[in-house]
Amino acid sequence: MSDTKKPKKPSRQQVYTLLVQIGRKKGDGLPDKATGAALMCFASGVDEAEAVRETVAILKQADTAPLDVTGYGTLSEREEDGQEIDDEERALMQQALDDNAVIVAQVTPFYDKL
């Protein structure tokens, strides 16, 4: 047998920006008076559908109640749309790709108006 390793195939994974709206669920970690939240996530996947499926599965495991997911595309798609992406956001996207992970970059709780 040979000790030479085959060259690693380039990954087909890409990182997608997703906005996930979640409802309330016991143990979800949201502030007491919040009615839900929006989560900005960066998720890796071979396509957006896989990234969405993985994100929803992870969020359910984390005791949240995902209600809706809106996809904003990959880094290159967002750049083509003229969006400015700062270095911190790029670093989180790279981490999601390197770790084949879902990263929740921002949580914005929702509250009922009084």
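**Notes on a predicted model**

1. Let's start at glutamate 48, which sits in helix 1, the stretch covering residues 48-61. With a relative accessible area of 31%, glutamate 48 is partly exposed. Glu48 also belongs to a negative surface patch, together with Asp47, Glu77, Glu80 and Asp81. Before going further, keep in mind that this is a predicted model.

2. Now for the overall layout. The chain has 3 helices and 4 strands. Reading from the N terminus, you will meet them in the order β-β-α-β-α-α-β. The chain is 114 residues long, and 28% of those residues count as buried.

3. Strand 1 is a good place to look next. This strand runs over residues 14-23 and is mostly covered, as 7 of its 10 residues are buried. Strand 1 has two partners worth tracing on the screen. With strand 2 (residues 36-45), the pairing is antiparallel and involves 9 bridges. To find the match, look for threonine 17, which faces phenylalanine 42 of strand 2. With strand 3 (residues 65-74), strand 1 again pairs in the antiparallel sense, here over 7 bridges. A handy marker for that pairing is isoleucine 22, standing opposite proline 66 in strand 3. As a general reminder, side chains in a regular strand alternate between the two faces of the sheet.

4. How many salt bridges does the structure hold? The count is 3. One of them joins the side chains of arginine 24 and aspartate 28, with N and O 2.8 Å apart. Is aspartate 28 buried or exposed? It counts as buried, because its relative accessibility is 11% and the cut-off for buried is under 20%. Arginine 24, on the other hand, is partly exposed at 35%.

5. Another salt bridge links glutamate 89 and arginine 78, whose closest N and O atoms are 2.7 Å apart. Glutamate 89 is in helix 3 (residues 87-99) and arginine 78 in helix 2 (residues 75-80), so this pair ties together parts that lie 11 residues apart in sequence. Both ends are covered: glutamate 89 is buried at 18% relative accessibility, and arginine 78 is buried with a relative accessible area of 6%.

6. Helix 2 and helix 3 also appear in the salt bridge between the side chains of glutamate 79 and arginine 90, at 2.8 Å from N to O. Glutamate 79 is in helix 2 and arginine 90 in helix 3, 11 residues apart, and the pair links distant parts of the chain. Here the two residues are partly exposed: glutamate 79 has a relative accessible area of 36%, and arginine 90 comes in at 31%.

7. Last, a couple of backbone spots to check. Aspartate 63 has a phi near 60°, which is a positive value in a residue other than glycine. You will find aspartate 63 in the loop between helix 1 and strand 3, where it counts as partly exposed at 37% relative accessibility. Asparagine 100 likewise has a positive phi, near 50°, and is not a glycine either. Asparagine 100 lies in the loop between helix 3 and strand 4 (102-110). Why does asparagine 100 count as exposed? Because its relative accessibility is 52%, and exposed means over 50%.

Note on methods. Residues are numbered from 1 along each chain as its sequence is written. This is a predicted model: local features need pLDDT of at least 70, side-chain atom pairs count only at pLDDT 80 or more; totals for chains, interfaces and linings use all residues. Side-chain values use heavy atoms; hydrogens and water are left out. Patches are made of residues with over 30% relative accessible area and no salt bridge: like charges are joined within 9 Å, nonpolar side chains (Val, Leu, Ile, Met, Phe, Trp, Tyr) within 5 Å. Accessible areas come from the Shrake-Rupley method with a 1.4 Å probe; for residues, only the protein chains shown count as cover. A salt bridge is a side-chain nitrogen of Lys or Arg within 4 Å of a carboxyl oxygen of Asp or Glu. Lys and Arg count as positive and Asp and Glu as negative; His and the chain ends are not counted. The place of a charge is taken as NZ of Lys, CZ of Arg, CG of Asp or CD of Glu. Helices (H or I, at least four residues) and strands (E, at least two) are DSSP runs, numbered from the N terminus. Buried means under 20% relative accessible area, exposed over 50%, partly exposed in between (1.4 Å probe, protein chains only). Two strands pair if DSSP finds at least two bridges between them.
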